[in-house]
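Visitor: I've got a model open and would like to learn how to read the sheet and the ligand site. Where do we start?

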Amino acid sequence: MSKSSGRVILTGAGGQLGQTLIGLWPESALSRHELVALTRSDLDIADATAVQSSFAALKPDLIINAAAYTAVDRAESEADAAYAINERGVANLAESSKCPLLHISTDFVFDGMASMPYSEDAATRPLGVYGASKLAGENALLARKSDAMIIRTSWLYSEHGANFVKTMLKLMSERDTLSIVDDQIGSPTSTRSLATVIVSAASKHLNDGHELPTGIFHWSDGAVITWFDFACEIQKQALEAGQLTSRCELIPIPTSDYPTPARRPAYSVMSRRRAFAELDCSATSWQAELTRCLSLRTRP
Ligand SMILES: NC(=O)c1ccc[n+]([C@@H]2O[C@H](COP(=O)([O-])OP(=O)(O)OC[C@H]3O[C@@H](n4cnc5c(N)ncnc54)[C@H](OP(=O)(O)O)[C@@H]3O)[C@@H](O)[C@H]2O)c1
């Protein structure tokens, strides 16, 4: 059964994921649905009154929340700001929405003590303020809405905004040597791959009339690598593509040699079991996703 075209609100539209979703929309299975892309200046999700009047006026059929406080280290000294957006902001969306809501969360809800991929229902224990505020947002959402879907993702990067890939390309073009942490294991995820999963889940609901899948899902590009491994692959591909002209010596270091305000999980690989079982998505290649991202950038 086909539903008539609907309206989708995207909050946090100015971020990495938001910009990727906007770019992908016209060619996607959701193209006949209107996307109302709201940046932070259009709608501050921490402002309950603004959220309420925006949703009442726009009457969306689906809300995708890509807005978040994402400054992991700064969050340690700005806990109020992190919680205002990542917990209260998400609660505001939940309280004002009369339609399903798709929200994005993080691998930083885990403590990194595991040695096998975290399942969707694995125990959470964030190590820092950012992860704790994101977990509080998950809980605020699930307590308020039965029609909410949460996709946790990890090590997100894209051609937009600030991320590890762009930082590496810049530093590799400027330096002869670079030290990279080699004892944190996780899975890079391109915003393109995550956005494709979001579109797939949303289109089942908006195009095919199915309920939006609810509860917690995990999505990444499936690697089990360290930041050092990721940096090596970035350099290899960038040299091959001519985006870097000379090799920078990459030196693996332990986390203890690169102290940061926030502690990070030593292992944050997440199982995608539910995504594969319940969403129309297939495994992506993390190297191919990186190649695609690099092809969209010509200069570091
Ligand atoms: N980046 C990662 O490595 C990573 C890893 C795992 C999970 N995630 C999650 O993935 C999602 C997307 O992340 P991303 O990398 O696309 O983040 P991002 O690039 O930092 O984008 C977040 C966007 O949210 C906006 N925002 C912040 N506070 C807001 C508010 N009060 N109201 C409305 N918008 C607000 C930001 O605007 P300003 O720039 O103006 O502040 C920014 O445009 C987030 O939920 C994040 O927690 C990210």
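Guide: Start with one pair of residues: Thr153 sits opposite Trp219 in S10. Keep in mind that this is a predicted model.

Visitor: Which strand is joined to S10, and by how many bridges?

Guide: The general idea goes like this: strands of a sheet pair through backbone hydrogen bonds, either parallel or antiparallel. Here, strand S5 (residues 148–153) is joined to S10 by five bridges, and the two run parallel.

Visitor: What is the strand order in the sheet?

Guide: Read across, the order is S2-S1-S3-S4-S5-S10, an open sheet of six strands with parallel pairing. Strand S2 (34–38) and strand S10 (215–219) have just a single partner strand each, so they stand at the edges with one side lacking a neighbour in the sheet. On average, neighbouring strands are turned by 20° against each other, direction ignored.

Visitor: Which strands does H1 lie across?

Guide: H1 crosses strand S1 (7–11), S2, strand S3 (62–65) and S4, and runs at about 155° to S2. Helix H4 (residues 129–144) packs on the sheet too, touching S4 and S5, with its direction at about 155° to that of S4.

Visitor: Now the ligand. How many residues surround it, and which are the closest?

Guide: There are 26 residues around the ligand, and the closest are Gly12, Gly15, Gln16, Ala67 and Ala68. Helix H1 (16–24), helix H3 (79–96) and strand S4 (101–106) each contribute at least two residues to the shell.

Visitor: What classes of residue make up that shell?

Guide: Eleven are nonpolar, eleven polar and four charged.

Notes
Residues numbered from 1 in each chain as written. Predicted model: local features only at pLDDT ≥ 70, side-chain atom pairs only at ≥ 80, totals over all residues. Near = placed C-beta within 6 Å. Helix = DSSP H or I, 4+ residues; strand = E, 2+ residues; numbered from the N terminus. Nonpolar A, V, L, I, M, F, W, Y, C, P; charged D, E, K, R; others polar. Pairing = 2+ DSSP bridges. Axes fitted to C-alpha atoms, helices over the stretch in contact; angles between N-to-C directions. Contact = placed C-beta atoms within 7 Å.
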